[in-house]
Amino acid sequence: MPIEKDIVSRAIKGDAEAFAELYEKYFGKIYRYVYLRTGNHAEAEDLAQEVFVKALEAIGSYRWRDIPFASWLFRIAHNQVVDHFRKHGKVERVELEDSVIAADEPSPALIAEQRFELRELRDNIGKLSPAQREVITLRFGAELSTAEVSEALGKNTGTVKALQYNGIVALRKLMLGDRER
Amino acid sequence: MNRKIEDILDECLDRAFAGDTVEDCLAAHPSEASELKQLLGTSSVVMQSCASIIPDPAFKVRAWHYLGAIFHDRFQRIKSTGAVPIWRRAWTMAMAGVLVVLLSCVAVLAASTSALPDEHLYPAKLAAEQVRMTLAFTDLDEAKLHLEFAERRAYEMVEVAQQGKADSLLALAGQVAEHLGEVCVTDETKGVMEEAAAALAPAASLSAETEDRDDGADVEDLGALLSQSREENLQALEDALARAPEALKPILRRTIDSVAKDYDRTISIVESGSSQ
């Protein structure tokens, strides 16, 4: 973490190399988080880019002591997603495009299986409570620690852990239900 | 005091993200192993599915370039002095990683260099040009690339003229004009090139003007349109040459020669078609 603190400090001062490191580290995670929330490739691209534009505009006001950088960045991402749904009058969708799946898998059968699993996952995540969904997508999509998730959402870590536990239990039931059907 | 299952699950997930196996965690918490096994099994499925969500590398490069421009505007610490600004070098260094992936498509790109409009490798050729444009270090580099691509489009005009494809021909003439219109070199020459771009507008709209024409468009009209496009493009280039920075002048001269020759050959082919 001290290394990242140094990188963030340099980015705040206008060091492009430092900002590039942050972009490289977080772009994929932001994209994955947004994609899990929207289920749409093009929307995820636009929103992920917009998150970094917002981050760039606001990075001068960022203070490490208030909140970890990852939490700060994903708070922006969360707000972008919420704004996106509000602006477009949408509810979170459960359908999922196929085009986003990693294309370098060894066989068409495996790709098809992955697509199915991802569609099923997105479908099931959409059935969680909003709070569980937020925690699960930040924890698994963005790979944030529980502490970072709690800072991003403004909830205490005990609540986040409980939401995580209940979310995984609910997902398990939903997945088993899908298999039995 | 017994720890809550939520805490143990959280610890096991942290270990899983760090590379530990489910078995490692079950061994560390034997009394909760039964419930943990189910929860971690579900978690593994979620992790694997999430790992397969990857952004398009080409989009990542484009987004990076877009951010680079914003970054530059925000932190204008280095004025344009002819040297390569540090922020662009850093941006480009990091882009090199993404380029490794793109270069794996080098065989396709090599094969596409001679592709013409309507051929299946032509989009790869244009994509490769876009990548080169994205990686241009300076405004001057971008200007040089636009001139190079204008020359390419002019050369392609000759080829498609030989194939008798009037629609592609006029579309390419429009693209020549578009590339030349994009040559905004530096702050001091930007005004000049914008004037040039405005002068090019009639040529750029050639495609639109001819959209309603029949497939067997009158060849004489086609020749006249191409001649008009030639004059306007070359005049705009000459105007730009007179006021361009020294670094760009040799390339502008070469472009004028090359574009003029290609236009002449194209017009000749079109007119010889009309006399047959």
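How are α3(A) and α4(A) oriented to each other? They are oblique, a class that covers angles outside the ranges for roughly parallel (under 35 degrees), roughly antiparallel (over 145) and roughly perpendicular (65 to 115). This is a predicted model, in which local features need pLDDT of at least 70, side-chain atom pairs count only at pLDDT 80 or more, and totals for chains, interfaces and linings use all residues. Residues are numbered from 1 along each chain as its sequence is written, chains are lettered from A in the order in which they are written, and side-chain values use heavy atoms, without hydrogens and water.

**The helix pair**
- Helix α3 (residues 41-58) and helix α4 (residues 69-87) of chain A have axes that come within 9 Å and cross at roughly 130 degrees; axes are lines fitted to C-alpha atoms over the stretch in contact, with angles from 0 to 180 degrees between N-to-C directions.
- Helices here are DSSP runs of H or I with at least four residues.
- Among the residues that meet (contact means heavy atoms within 4.5 Å) are A:L47 and A:F52 in α3(A), and A:W72 and A:I76 in α4(A).

**A:R32**
- A:R32 sits in helix α2 (residues 16-38) of chain A and is buried, at 13% relative accessibility; buried means under 20% relative accessible area, with a 1.4 Å probe and protein chains only.
- Its contacts beyond four places in sequence include A:F140 and A:E143, plus B:C50 and B:I53.
- A:G141 lies 109 residues from A:R32 along the chain, yet their C-alpha atoms are 5.5 Å apart.

**A:V160**
- A:V160 belongs to helix α8 (residues 157-180) of chain A and is buried, at 0% relative accessibility.
- Beyond its neighbours within four places, A:V160 touches A:V135, A:T146, A:V149, A:S150 and A:K155.

Methods
Helix = DSSP H or I, 4+ residues; strand = E, 2+ residues; numbered from the N terminus. Buried < 20%, exposed > 50% of the residue type's maximum accessible area, 1.4 Å probe, protein only.
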